[in-house]
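Here is a chance to look at how a few everyday structural labels are earned. Take a look at the model, and then we can go through them together.

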Amino acid sequence: MYQSRRNFIRNSALTAAGISIFQSDLFAAAAKKGELTGIQLYSIRTDMSQDPLGTLQKLAAMGYKHVEHANYINRKFYGWSATEFKKILSDLGMTMPSGHTVMSYGKHWDAAKKDFTDSWKYTVEDAATVGQMFVISPSMEQNTRKDINALKG
């Protein structure tokens, strides 16, 4: 396709003008003060399983201020109680505003009582202790997805 110099200059000028109209935050830029800069620890689960404290220290040194856990087992985050883990994060200048804990229908919901089990209540309590605002269940069991009554609770 042939394009004259005149058309090329006109189209280039229009493109440049169009780009200048967009706000700068549409393009990659440095984080603004107060914005959350965090990492989901599941994305580095191998490192976290081998050396959780060393990995957190490296993340803090890189400038991460917030983490999202993906390991809560037997009321512990990566082997530490909620109070211990909060102190570790605090000492590193980090917080944990959210985390992943799979909610299981039979384990965390008592259909007969129509209430959460103590296990889930402890999960929420520990999340609050460590400073989480959000407890996220990243997946749902296959049998729950297929049972309308299980979904309704």
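A salt bridge here is a side-chain nitrogen of Lys or Arg within 4 Å of a carboxyl oxygen of Asp or Glu. By this rule the protein chain has 4 salt bridges. The model is predicted, so local features need pLDDT of at least 70, side-chain atom pairs count only at pLDDT 80 or more, and totals for chains, interfaces and linings use all residues. Residues are numbered from 1 along each chain as its sequence is written, and side-chain values use heavy atoms, with hydrogens and water left out.

Q: Why is the contact of Glu-125 with Arg-75 called a salt bridge?
A: The closest N and O atoms are 3.2 Å apart, and the limit is 4 Å, so the pair qualifies.

Q: What parts does this pair tie together?
A: Glu-125 lies in helix α6 (residues 118-130) and Arg-75 in the loop between β3 (72-73) and β4 (76-77), so parts 50 residues apart in sequence are joined. Helices (H or I, at least four residues) and strands (E, at least two) are DSSP runs, numbered from the N terminus.

Q: What makes Asp-91 count as exposed, while Glu-125 is called partly exposed?
A: Exposed means over 50% relative accessible area, buried under 20%, and partly exposed in between (1.4 Å probe, protein chains only). Asp-91 has 54%, so the label is exposed; Glu-125 has 44%, so partly exposed fits.

Q: How do you know that Asp-91 and Lys-87 form a salt bridge?
A: Their N to O distance is 2.8 Å, which is within 4 Å, so the rule is met. Both lie in helix α4 (residues 82-91), 4 residues apart, about one turn of the helix.
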